[in-house]
Amino acid sequence: MLNTPSPTISSFGYEIIRDHILSSILGKHEDDVLYWAGKELARKFPCKSQDELIAFFADACWGTLALLKESKDGRIFELTNDPEILQIKQRSFRLEAGFIAEQIQLAKGYLTECYEEKREKQHHVMFTVKWDVKERIMNTIPTE
């Protein structure tokens, strides 16, 4: 699945679905549904390591995900891409946030949330991930 050559996906086709059809269908619930969908997608495509998580973002053409900081109860990631592809002003990044939250929840075994912050002038998105070491989750996969 990861790091295999695949046909080039039209960014226009992706943009139509992601930015126009989904937002039209989901309306005011877009952010909540996309976050849930990201978590569901993570369960279908579990990443066994942080490197696999980063590779998944590249393979899915979501952009370049980089770990900037790690603490005992959280991580901060940065997502970058070509500004025309990233579409930071128009796009919700809740799908990616939900995906990251679920991947780390599966890896760590603790209730995990992820919040995104668009940095339009710098053309990147920051993802702040926090897990609660008091809230153990049973469905984990062996990782890291």
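**View 1. Strand E2 sits largely enclosed in this predicted model.** Of the 7 residues in strand E2 (residues 74–80), 5 are buried, so the strand is largely enclosed by the rest of the structure. Strand E1 (residues 64–71) pairs with E2 in the antiparallel sense over 7 bridges. To find your way along this pairing, look for Leu67, which stands opposite Phe77 of E2. The two strands, E1 and E2, make a hairpin, and 2 residues lie between them. E2 is also joined to strand E4 (residues 124–136) by 7 bridges, and these two strands run antiparallel. A handy landmark for that pairing is Gly74, which stands opposite Lys130 in E4.

**View 2. Strands E3 and E4 form a hairpin.** Here we follow E4 to its pairing with strand E3 (residues 110–119): the two run antiparallel and are joined by 10 bridges. Thr112 has Trp131 of E4 as its bridge partner. Between E3 and E4 there are 4 residues. In the turn, please pause at His123, whose phi is positive, at about 60°.

**View 3. Glu70 of strand E1 makes a polar contact with Arg75.** How exposed is Glu70? Its relative accessibility is 46%, so Glu70 counts as partly exposed, a class that lies between under 20% for buried and over 50% for exposed. The side chains of Glu70 and Arg75 are joined by a polar contact of 3.0 Å. Not counting residues up to four places away in sequence, Glu70 touches Arg75 and Lys108. Val129 gives a further point of reference: Glu70 and Val129 are 59 residues apart in sequence, and their C-alpha atoms are 9.3 Å apart in space.

**View 4. Helix H3 has buried residues that pack against two strands and a helix.** Within H3 (residues 50–59), the buried residues are Gln50, Leu53, Ala55, Phe56 and Phe57. What do the buried residues of H3 pack against? Their partners are E1, E2 and H5. After H3 comes Cys61, with a positive phi near 60°.

**View 5. Gln103 is a buried residue of helix H5.** H5 spans residues 94–108, and Gln103 lies within it. At 3% relative accessibility, Gln103 falls under the 20% cut-off and therefore counts as buried. Where does the side chain of Gln103 reach? It extends to the backbone oxygen of Ala42, at 3.4 Å. Leaving aside neighbours within four places in sequence, Gln103 is in contact with Ala42, Phe45, Pro46, Cys47 and Leu53. Leu53 may look familiar, as it is one of the buried residues of H3.

**View 6. Glu102 is also found in helix H5.** Is Glu102 buried or exposed? Glu102 is buried, with a relative accessible area of 4%. With residues up to four places away in sequence not counted, Glu102 touches Lys39, Ala42 and Arg43. Ala42 is worth keeping in sight here, since Gln103 is in contact with Ala42, and Glu102 touches Ala42 too.

**View 7. Gln87 lies in the loop between helices H4 and H5.** Helix H4 covers residues 83–86, and the loop that holds Gln87 runs between H4 and H5. The relative accessibility of Gln87 is 16%, so with a cut-off of under 20% it counts as buried. Which residues does Gln87 touch, not counting residues up to four places away in sequence? They are Glu15 and Asp19. His123, met earlier in the turn between E3 and E4, can serve as a guide here: the C-alpha atoms of Gln87 and His123 are separated by 8.8 Å, although the two residues are 36 residues apart along the chain.

**View 8. A nonpolar patch lies on the surface.** The patch is formed by Phe12, Ile16, Ile17, Ile21 and Ile25. Together, these residues have about 500 Å² of accessible area. Ile25 has its place in helix H1 (residues 11–26). The relative accessible area of Ile25 is 62%, which is over the 50% cut-off, so Ile25 is exposed.

Technical notes. Residues are numbered from 1 along each chain as its sequence is written. This is a predicted model: local features need pLDDT of at least 70, side-chain atom pairs count only at pLDDT 80 or more; totals for chains, interfaces and linings use all residues. Side-chain values use heavy atoms; hydrogens and water are left out. Patches are made of residues with over 30% relative accessible area and no salt bridge: like charges are joined within 9 Å, nonpolar side chains (Val, Leu, Ile, Met, Phe, Trp, Tyr) within 5 Å. Accessible areas come from the Shrake-Rupley method with a 1.4 Å probe; for residues, only the protein chains shown count as cover. A salt bridge is a side-chain nitrogen of Lys or Arg within 4 Å of a carboxyl oxygen of Asp or Glu. Buried means under 20% relative accessible area, exposed over 50%, partly exposed in between (1.4 Å probe, protein chains only). Two strands pair if DSSP finds at least two bridges between them. A polar contact is a pair of N or O atoms within 3.5 Å; within protein, one must be able to donate a hydrogen and the other to accept it, and residues adjacent in sequence count only if both atoms are side-chain atoms. Contact means heavy atoms within 4.5 Å.
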